[in-house]
Amino acid sequence: MLTLTHRRKTRAVMVGEGPNAVIIGGRNKVILQSMCTTKTQDVAATVEQINQLEEAGCQLVRVAVPDMEAAIAIKEIKAQINIPLVADIHFDYRLALQAIESGVDKIRINPGNIGRKDRVAKVVEACKAHNIPIRIGVNAGSLEKKFLQKYGYPTAQGMLESAIEHVEILEELDFHDIIISMKASNVELALEAYKLAAERFDYPLHLGITEAGPLFSGSVKSAAGMGALLSLGIGDTMRISLSADPREEIKVGREVIKSFGLIDNAATLVSCPTCGRIEIDLIPIAQELEEYIANIKAPITVAILGCGVNGPGEAREADIGLAGGAGKGMLFKKGKIIKTVDEAVMLEEFKAEIDAMYKHYQET
Ligand code: SF4
């Protein structure tokens, strides 16, 4: 599969430690993240959701830390999860210090909102001591008053100036493990802001179209925005923000980065749109296969096509393919026909071949 090669070179920032640590930036694969919808102090529910997210392919997860109870709960949560954990903090430096004390792997806080310099310095010191990066999250919806007054409304330039201020506070303290996000719910504004940030900084960028909407419309809007940025080589980690189960955010995110070949632990499905030449009941089969391959953590391309006219050509291009035709299906593996099977057993046979290919991939 072709992969995007013109990616912006950014500073590599390590998050977490051990086998599940991730590197954000440095032209590594795009790291997919999501955010828990549970109350962080409800440790059991939060751990359950994080483990479900990991199963879905989430590599980094954020929890809200609105109070001390949540900051303390991080310790218990960390003991029961595998993927690195991010604490989302607004203003209160004591929450940041407690989250770090509790073992969090990254914090999201805007240093300019902490207030006194000695307080910022304490947070930075603790981050340095524990190798914890900081994400600066500039958001059009909560842009500082002075930039709103200067430009009249949230603009990309105003967002950039806000980011520069926060970054400079950290740089003055000789802190550079920084990740930046420039989120907006308006796609055009987010694109402009991310482009400006990509020109100005070499820190990795966390992509997001914030408050994108419910599952369907939010997915399309996010894909439009993130696709445009990824195609320019911009983006090192991403969160799709949906009013939906956070596992859906991961599903959508995986599809977006798969489109650019920026993931190596997911299978891709090619399926035809069907037309008047269709010779098998393809749509339910394609839907079933989409669910089936969601569990495959390998870069295998699977194709399902509906007729003997265009089907074989496309099926040949995939790692494993099935072309339907008059109650039968032709199975292809790496460009060669391996067998022809009856439509009644075609799907089961195809799944067995997919499993065999995945097993082979895992063993080699
Ligand atoms: Fe139509 Fe065949 Fe193409 Fe599917 S593969 S859209 S059935 S021509």
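What share of the 364 residues in the protein is buried? Buried residues make up 45% of them, where buried means that 20 or more other C-beta atoms, placed from the backbone, lie within 10 Å of the residue's own.

A word on the model first. It is a predicted one, where local features need pLDDT of at least 70 and side-chain atom pairs count only at pLDDT 80 or more, while totals for chains, interfaces and linings use all residues. Residues are numbered from 1 along each chain as its sequence is written.

Now to the inside. The largest nonpolar core (buried Ala, Val, Leu, Ile, Met, Phe, Trp, Tyr and Cys residues joined through C-beta atoms within 7 Å) holds 81 residues, and Ala 99, Ile 107, Ala 193 and Tyr 194 have the most contacts inside it. Helix α7 (residues 187-200) is its top contributor, giving seven residues. Apart from that core lies another, of 23 residues, including Leu 282 and Met 346.

Next, a look at strand β4 (residues 60-64; helices are DSSP runs of H or I with at least four residues, strands are runs of E with at least two, and both are numbered from the N terminus). Four of its five residues are buried, so β4 is largely enclosed by the rest of the structure. Here are its pairings (strands pair if DSSP finds at least two bridges between them):

| Pair | Sense | Bridges |
|---|---|---|
| β3 (residues 31-35) and β4 | parallel | three bridges |
| β4 and β5 (residues 85-88) | parallel | four bridges |

Within these pairs, Ser 34 has Val 61 of β4 as its bridge partner, and Val 63 stands opposite Ala 87 in β5.

Technical notes:
A residue is buried if 20 or more other C-beta atoms lie within 10 Å of its own, exposed if 12 or fewer, and partly exposed in between; C-beta atoms are placed from the backbone.
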